[in-house]
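Colleague: I am new to this structure and would like a close look at one part of it, the contacts between side chains. Please take me through them slowly, with the terms explained as you go.

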Amino acid sequence: MSTKDQSFCLKTHQYNAFALRIRCKKAVIIGVKKGGTRALLEFLRVHPDVRAVGAEPHFFDRHYERGLAWYRELMPRTLDGQITMEKTPSYFVTKEAPARISAMSKGTKLIVVVRDPVTRAISDYTQTLSKKPDIPTFESLTFKNRTTGLIDTSWSAIQIGIYAKHLENWLLYFPIGQILFVSGERLVSRPAGGLGRVQDFLGLKRIITDKHFYFNKTKGFPCLKKAEGSSKPHCLGKTKGRPHPEIDQEVVQRLRDFYRPFNMKFYQMTGHDFGWD
């Protein structure tokens, strides 16, 4: 590719859609909400061959009618050999997203950060509670009928964690080998190991290693010793790592029982046991 052609990979109007597909390496972090997607993206941006959008574009779920040209305009300048990335966790649970991403580029690599669905649901609730302190309790939202133990799967905090159901939709458009599943728990306990797998999956040289991280005891998760374009340490913002409210342990156990068969199916589909039980 000539120097002129190396200008903008996605942020350009001089190439047609087909040319864009063959010239650009693309990856999208498609999920899941409260799984660790922000941490993964911030860690990946340290790599010199990764160019990523900071804010969530929500193109394939909320703004698809704006067209691909609008989406391209959001993308950073990307040279030949670099990877253009974005992350929007709600894509994983959006029915239309797989077909739309496939229509843009069947070769797009997909990354899903998953977390114990019970812990994820509580974290999701905690985030909502911080914005709407008057919402009902977690326990009351969990059940359609607490006496019978019937879980309300229409509540998004519960529904998102049925990972196997959502994955089935993605497998209609992408082979399982084109999707990488990252453990949110291990991203906290062993960030360099998780980033090693991601770099391999994206075909990148393993540049991000243990030397890039330190564990922040106050926040309770790893932080970067140096952020992208900075010589200063960087931790995720104050909205990350909020303390969870006390949840009735009977409710927690009922949720674990509810998710167990879905977790087992998800383990089989991905070929990986995440150890949530």
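Modeller: Happy to; here is a walk through the cores, a pair of helices, and then the bonds and bridges between side chains.

This is a predicted model, in which local features need pLDDT of at least 70 and side-chain atom pairs count only at pLDDT 80 or more, while totals for chains, interfaces and linings use all residues. Residues are numbered from 1 along each chain as its sequence is written, and side-chain values use heavy atoms, leaving out hydrogens and water.

Let's start inside. A nonpolar core here is a set of buried Ala, Val, Leu, Ile, Met, Phe, Trp, Tyr and Cys residues joined through side-chain atoms within 4.5 Å. Buried means under 20% relative accessible area, exposed means over 50%, and partly exposed is in between (1.4 Å probe, protein chains only). The largest such core has 30 residues, and Leu40, Met85, Ile111, Leu195, Val198 and Leu202 have the most contacts inside it. Several elements each supply at least two of its residues, including strands β1 (25-31), β3 (83-87) and β4 (109-114) and helix α10 (191-201). Helix α2 gives the most, with 5 residues. (Helices, H or I of at least four residues, and strands, E of at least two, are DSSP runs numbered from the N terminus.) To see this core from one residue, pick Leu202: setting aside neighbours within four places in sequence, Leu202 is in contact (heavy atoms within 4.5 Å) with Ala27, Ile83, Met85, Lys109 and Ile111. Another core, of 28 residues, lies apart from the largest one and has Phe60, Tyr91, Val114 and Tyr163 among its members.

Tyr163 also takes us to a helix pair. Helix α8 (residues 163-170) packs against helix α11 (residues 249-270) at an angle of about 35°, their axes 8 Å apart. Those axes are lines fitted to C-alpha atoms over the stretch in contact, and the angle runs from 0 to 180 degrees between N-to-C directions. From α8 come Tyr163, Ala164, Leu167 and Glu168, which meet Phe262, Lys265, Phe266, Met269 and Thr270 of α11. Within that contact, Lys265 and Glu168 form a salt bridge, with their closest N and O atoms 2.4 Å apart. A salt bridge here is a side-chain nitrogen of Lys or Arg within 4 Å of a carboxyl oxygen of Asp or Glu. Since Lys265 is in α11 and Glu168 in α8, this pair ties together parts 97 residues apart in sequence. Lys265 is partly exposed at 37%, and Glu168 is partly exposed at 36%.

By this rule there are 12 salt bridges. Asp124 and Lys33 make one of them, at 3.1 Å from N to O. Asp124 sits in helix α5 (residues 117-131) and Lys33 in the loop between β1 and α2, 91 residues apart. Asp124 is buried at 3%, whereas Lys33 is partly exposed at 30%. Lys33, Arg120 and Asp124 are linked in a network of salt bridges. Glu56 and Lys87 also meet in a salt bridge, at 2.6 Å.

Finally, the search of the whole structure finds 1 disulfide (a pair of cysteine sulfur atoms within 2.5 Å). Cys223 and Cys235 form this disulfide, with sulfur atoms 1.8 Å apart. Cys223 belongs to strand β9 and Cys235 to the loop between β9 and α11, 12 residues apart. The link is right-handed, with 105° about the S-S bond. Cys223 is buried at 0%, and Cys235 is buried at 18%.
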